[in-house]
Each structure stands twice: as C-alpha cells, then as structure tokens.
Amino acid sequence: MKKAVRVFAPATVANVGSGFDILGFALEGPGDVIVVSATGTPGITIVNATPYSAIPLDPKQNTAGIAVEAYLEKIGSEQGIEIRIEKKIRPGSGIGSSSASAAGAVFGVNELLGRPLEAEALVELAMQGEKAASGAAHADNVAPCLLGGFVLVRRYDPLDIIRLPCPKNLYCTILHPQIELRTEDARRILKREITLKDATRQWGNIAGLVAGLFMEDYGLIGRSLEDVIIEPVRSLLIPGYHEAKRNAMDAGALGCSISGSGPSLFALSQDEATARQVGENMAKVFKKLEIDHEIYVSKINEAGPSILN
Ligand code: HSE
C-alpha cells in the first residue's frame, strides 16, 4: 500500500445558469491540494496547511473529514488517515471550496487503498461533507470535481449522474468579489415555489444548454445561460452584479451568471482572449466599488482530480 497520495482537487462552477443543483463543471484552476496519508492508529486527523484560512480541525466538523469517515465506513476499513489540506480555493467564494476538499480527500483515500471504489461511488460520499458545509447534500460541485467536465445530476434519489460532452473552445472566466457569502444563507433566501411560466422558461434553458454542449453550438450555449428563478434573488446579495454581467456580455462573453451560490460570477467565452477581456471588463465594476477581487481564466477541466508528485 502507498503511504501517501497528494491530490489536486479542482474548483467547480455549480448551477451553470439555469441548472440549480443539477448542473456543474470543473475548472483547470484554482484547486485545493490535499495530501492523504496512512497512519498507524485508527482515526482521522486533519492538518491545516493553509496560511490564510482557519479550517475546522475536528474531523466531524470538517467536510473532508466527514467524507473520509463515510468512505471508511462504506468499505469497512479501520485504517487511520491523516488529511493535510492546503486550500487554494477561498472558502465562501462560490467555486466549490468545501466540495474540493471533500472530493479531493475521498479521491486520495481511494487511491491510497488501491482504488476499491469507482469515481461515481465517491460522489455520494463527498456529498456528505457538502451536506455538513451547506445544509444540503447537493452534488453539482462534488460530481464535476470528481468526474471532470460538465456533469448533469438527473436525479438525487437514487443518484443518477451523467457526464456531458465539452466543446473544445470553451473558456470560463471567474470573477470573485471578496465578500463572503455562505451557501447556507444563499439557499435560505430562495423562494420555495415558482410559477409554471418561470419553470417552463427554465427547463427550456436547461435542455438548450445540454443540447448546445452535445452539438458544440456556442450560440445555443450562450442563449441558454439564462436563469429566471435563482439569479433574480441571489443577485441582490452581490453588489455590482448586473453591471458586471453587462460588461462581460459587452466584451463578447457567450453568457454570464452566478457561480454556485455566489458571490463569484462566471462567464463562458469561445476563446481565451475574449475570456481574459471579459475578466478585465467585469473587474472595472469592482474596482469602482472598491471591492477586492480575483480573476481566474480557465478551460474546462475534463480530467477531474489529479495525483501530484
Ligand atoms: N447548487 C448549489 C447552490 C451550489 O446553488 O446552492 C452551491 O455551491
């Protein structure tokens, strides 16, 4: 058995506009670095290797600890595990920070123990960490983090996950305004009921986006990045949101929406130069508002987590 595995676990964009809780994709960067090691005594130990952020060190409070505990229980192992977490994805940024730690840790333990489980089985275990972090066991971050590419969660009970194709020239721009938004809070404010008119428009967009990915139809992908249910509510929590979105579209983005529960915005573009210009255009708004921000430009990560040497 290997003694330790060092994993890169990518950031992810959940919802992808219209697909609340059912669509997500993985980025090439940023990503958390998780080192999973075998220890001599049973139990899980968490080590924080992140200089700028405190993380829960109690494994029962830590998303990675909870996911690994569920993993060991599932395979009936009493192996002692140390999980060293170096967070490169800022907590509360809306690009799957808690999911990357949970997904990276179960992926690492699975490698350490000789890969007894398939990636699809790891999704359900990583979701348990997600539940502790946000109050809801949604899979639209952990599934793309573990499987890579675009992923559709067709159904939760039982879990039915479908990997979607990814057009070659798609680039994602993330603008992270540094205001912290807790997923739990951003979920609590959502309306519990929607009109049939909004539902019809939303599922048209979801189907359009999925069709656009299959057909490599960038125009259709762009037209389908419309969310009439969640964005009107959550955008109220993000200062400058509508202006930044307008700026992204002016720079040539195919579409732009909130990444996961926010506050990050994501935009898709058809080439890298446009994706970079989109980031600069969006940033103008946050400069004006004097809100610190970070920009990431990335291709879609089709591989999911990777082993680092
Ligand atoms: N689908 C989840 C939400 C993703 O929007 O609350 C959270 O990152």
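How many residues line the largest pocket, and which of them lie nearest its centre? The structure is a predicted model, in which local features need pLDDT of at least 70 and side-chain atom pairs count only at pLDDT 80 or more, while totals for chains, interfaces and linings use all residues. Residues are numbered from 1 along each chain as its sequence is written, and side-chain values use heavy atoms, with hydrogens and water left out.

The largest pocket is lined by 40 residues, and Thr 63, Pro 91, Gly 92, Ser 98 and Ala 133 lie nearest its centre. On a 1 Å grid over the protein atoms alone, a pocket is an open set of points with protein on both sides within 12 Å along at least five of seven lines, a cavity is a set of points where a 1.4 Å probe fits but cannot get out, and lining residues have an atom within 4 Å of a point. The space in the largest pocket amounts to about 740 Å³, a volume being the space filled by probe spheres set on the grid points, which are joined across faces, edges and corners. Its lining divides into 10 nonpolar, 20 polar and 10 charged residues, where Ala, Val, Leu, Ile, Met, Phe, Trp, Tyr, Cys and Pro count as nonpolar, Asp, Glu, Lys and Arg as charged, and the others, Gly among them, as polar.

The ligand takes up the space of this largest pocket, in the sense that more than half of its atoms lie within 2 Å of the grid points. The residues around the ligand (those with a heavy atom within 4 Å of it) include Phe 20, Asp 21, Asp 140, Arg 187 and Arg 234, and this shell divides into 2 nonpolar, 6 polar and 4 charged residues. A ligand nitrogen is 2.5 Å from an N or O atom in the side chain of Asp 21, another such distance, from a ligand nitrogen to the side chain of Asp 140, is 2.7 Å, and a polar side-chain atom of Arg 187 lies 2.7 Å from a ligand oxygen. Of the 260 Å² of accessible area that the ligand has on its own, the protein covers 97%, as computed by the Shrake-Rupley method with a 1.4 Å probe.

Phe 20 is also among the residues nearest the centre of the second largest pocket, which is lined by 16 residues and has a volume of about 360 Å³. The lining of this second pocket divides into 9 nonpolar, 3 polar and 4 charged residues. The largest cavity, with about 50 Å³ of space, is likewise lined by residues including Phe 20 and Arg 234.

Technical notes
Polar contact = N/O pair within 3.5 Å; in protein donor to acceptor, adjacent residues only side chain to side chain.
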